[in-house]
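Below are questions and answers on the empty spaces, the ligand site and the backbone of one structure.

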Amino acid sequence: MEEVCKFVSAEYPRKSDSFIQYGTAGFRTKGEALPHVMCRMGLLAVLRSKQKKASIGVMITASHNPEEDNGVKLVDPMGEMLDISWEKHATLLANVDDSHLAETLSSIVQQEKIDLNQESCVLFAKDTRSSSVLLAKALQHGITAMGSEFVDYGLLTTPQLHYMVRCRNSNNDYGQPTEEGYYTKLAAAFVNLQKSVTDTGKYSSEITVDASNGVGAQKVRELAKHLGEQLCITVLNDGSVGKLNHRCGADFVKVGQCVPDGVALSEGMKCASFDGDADRIVYFFQGPDCSFKLMDGDRIATLVAGFLKSLVARTGLKLNLGLVQTAYANGSSTSYITETLRVPVACVATGVKHLHHRAQQFEIGVYFEANGHGTVLFSDIAERRVNEALKNSSLSPESRAAVEQLRLVIDLINQTVGDALSDMLLVETILCHSGWGMQNWYDCYTDLPNRQLKVKVKDRNIIKTTPDETQATTPAGLQSAIDKLVEKYQCGRSFVRPSGTEDIVRVYAEADTQENADDLGHKVCLLVFDMAGGIGDKP
Ligand code: G16
């Protein structure tokens, strides 16, 4: 271990004392601060691979963050996020002095009872950021220093890398671990599902995609080649001119509630925005009054849950279905899900890892963050029942057709993590099967006006919250001050939490009118600024 650590520290020394934490989605900071972290994550990924006796993934991306940021997240064998119990190892390893690296690694090996003679393999990929090239080299240096095998997938979307990891560890039962395998699997399911629709009603098979100037642009074009005439995709913000995530993409559209640069929205257009690594998607269109209409993760969640509930009912199979949201979910979406769809809802902390784990507790678990990150998980029991039903010759023709459809829907969904490409095909399938245009989808419920804001503070970790993030437990007095404000607004709701991907505190506010939501949000920002050590200009 001493030799390995000398070798990696010589090439990628830790140059600054600043502390970095494995947060909501791995490490994120300026790209230039990451080479030693990346190299060390190569070491850690190898240890994880040896422990799990399986391939482990590493994705180099900072997703929705600006171009100059970068980051890294580790992917566990079934394509899910690194187990939370290993995040402490990642944080420790990233922050330790070069002189203590060997002893830290050895201690992880001991604690986790890792057999260093076990074979290992790390699969990695990167997004289109300029710093990703150098960071991929640093990562590879760490992996090879440990004598491990690796596969460099080059440029991929984050969910594609998650998919590769799962395929590799499932004896290809989940699909072929290649890009072609990914497109073929999704496209075959989509085309088969669309073929069975005879009356498409108000559905349009044309969609405009704002790819946030990220890796999703080239990947959605590849996907489009496999879809034939079933879906006609126009790609804008493809990175040829604009800057990554700058005034475009899912985060910009959701937070700003506005049309991204580069898209000339007009009547009848159906648009979707991805984020920089294509693991989030939101839709938008122009309403009859020329207004901007956002169809965010909550809207996708309700669409998917409603569709699956009725499809499962038609199969005649007994499978429980549940939906997982976070505190950012619009209050109207939660009422619609529980009261109209009658689907149970759970609320967990921000971060796919939290939603994913909670969704695993349902036989069919739909999870979506309001920001457009989400997917559907089918438990082993659910998949087994569907597969058995396919072989059951006594099913009625209606049930058989529904079971076949459900099997195709399972194949269409990337169950490892939220995936803009797969989610887009799922939404298109549902809209087509329902004969819906965007307005039909929009008419399901009326969002409560809301606003999301950011406050810069000296140390965002001064703010601690309850597990579901709806209440701040520190600094003392902040929550009661927020509660007093909220009481003054009809349908008022607000919460604050430290971001796990940016150095800021996030503020969310909801109220009966947009003006009131904006006003409440602004006042809560002032409270955070005054009580949690705000820096820079007052909000
Ligand atoms: C990541 C996580 C998401 C989370 C988002 C914002 O998204 O994967 O689960 O909602 O960060 O997190 P926070 O509010 O803690 O900054 P992405 O798309 O950037 O990977």
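Q: Which residues lie nearest the centre of the second largest pocket?
A: The model is a predicted one. In it, 22 residues line the second largest pocket. Those that lie nearest its centre are R166, F378, D380, E383 and Q415.

Q: Which element gives the largest share of the lining of the second largest pocket?
A: The elements that give two or more residues to this lining are α12 (352–359), β14 (374–378), α13 (380–391) and α14 (397–412). The largest share amounts to 3 residues, and the element it comes from is α14.

Q: How many charged residues are in the lining of the second largest pocket?
A: The space in this pocket is about 550 Å³. Its lining has 7 nonpolar and 7 polar residues. The charged class is counted apart from these, and its number is 8.

Q: How many cavities of 30 Å³ or more are there?
A: Rolling a probe the size of a water molecule over the atoms shows where empty space is left. A cavity is a set of points where a 1.4 Å probe fits but cannot get out. With the cut-off at 30 Å³ or more, the count is 5.

Q: What space does the ligand take?
A: About 350 Å³ of space lies in the largest cavity. Its lining has 26 residues, with H64, R280, T350, E369 and N371 the closest to its centre. Of the residues around the ligand, H64 and E369 are among those that come nearest. The space taken by the ligand is the largest cavity.

Q: Which helix gives the largest share of the lining of the largest cavity?
A: By class, this lining has 6 nonpolar, 11 polar and 9 charged residues. The largest share from an element is 3 residues. They come from helix α9 (residues 249–256).

Q: How many polar residues are in the shell around the ligand?
A: There are 20 residues around the ligand, and H64, E369, S499, T501 and R506 come nearest. The shell has 2 nonpolar and 8 charged residues. Its polar residues number 10.

Q: Which residue has a backbone N or O atom 3.1 Å from an oxygen atom of the ligand?
A: Two side chains also supply an N or O atom to an oxygen atom of the ligand: R28 at 2.7 Å and R280 at 2.9 Å. The contact at 3.1 Å is made by the backbone, and the residue is V352. As for cover, the ligand on its own has 460 Å² of accessible area, and the protein covers 98% of that area.Q: How many nonpolar residues line the second largest cavity?
A: About 50 Å³ of space lies in this cavity. Its lining includes Y22, G23, T24, K73, E87 and K353. By class, 3 residues are polar and 3 are charged. The nonpolar residues number 5.

Q: Which residues does a cis peptide bond join?
A: Most residues other than glycine have a negative phi, and most peptide bonds are trans. Here one bond has an omega of about -5 degrees and is cis. One of its two residues, P475, lies in the loop between β17 (472–474) and α17 (478–486). The bond joins T474 and P475.

Q: What is the phi of N213?
A: N213 is placed in the loop between β6 (206–210) and α8 (216–225). N213 is not a glycine, yet its phi is positive. The value is about 55 degrees.

Terms used
Residues are numbered from 1 along each chain as its sequence is written. This is a predicted model: local features need pLDDT of at least 70, side-chain atom pairs count only at pLDDT 80 or more; totals for chains, interfaces and linings use all residues. Side-chain values use heavy atoms; hydrogens and water are left out. On a 1 Å grid over the protein atoms alone, a cavity is a set of points where a 1.4 Å probe fits but cannot get out, and a pocket is an open set with protein on both sides within 12 Å along at least five of seven lines; lining residues have an atom within 4 Å of a point. Grid points are joined across faces, edges and corners, and a volume is the space filled by probe spheres set on the points. Helices (H or I, at least four residues) and strands (E, at least two) are DSSP runs, numbered from the N terminus. Ala, Val, Leu, Ile, Met, Phe, Trp, Tyr, Cys and Pro count as nonpolar, Asp, Glu, Lys and Arg as charged, and the others, Gly among them, as polar. A residue is near a molecule or strand if one of its heavy atoms lies within 4 Å of it. A polar contact is a pair of N or O atoms within 3.5 Å; within protein, one must be able to donate a hydrogen and the other to accept it, and residues adjacent in sequence count only if both atoms are side-chain atoms. A molecule sits in a cavity or pocket if more than half of its atoms lie within 2 Å of its grid points.
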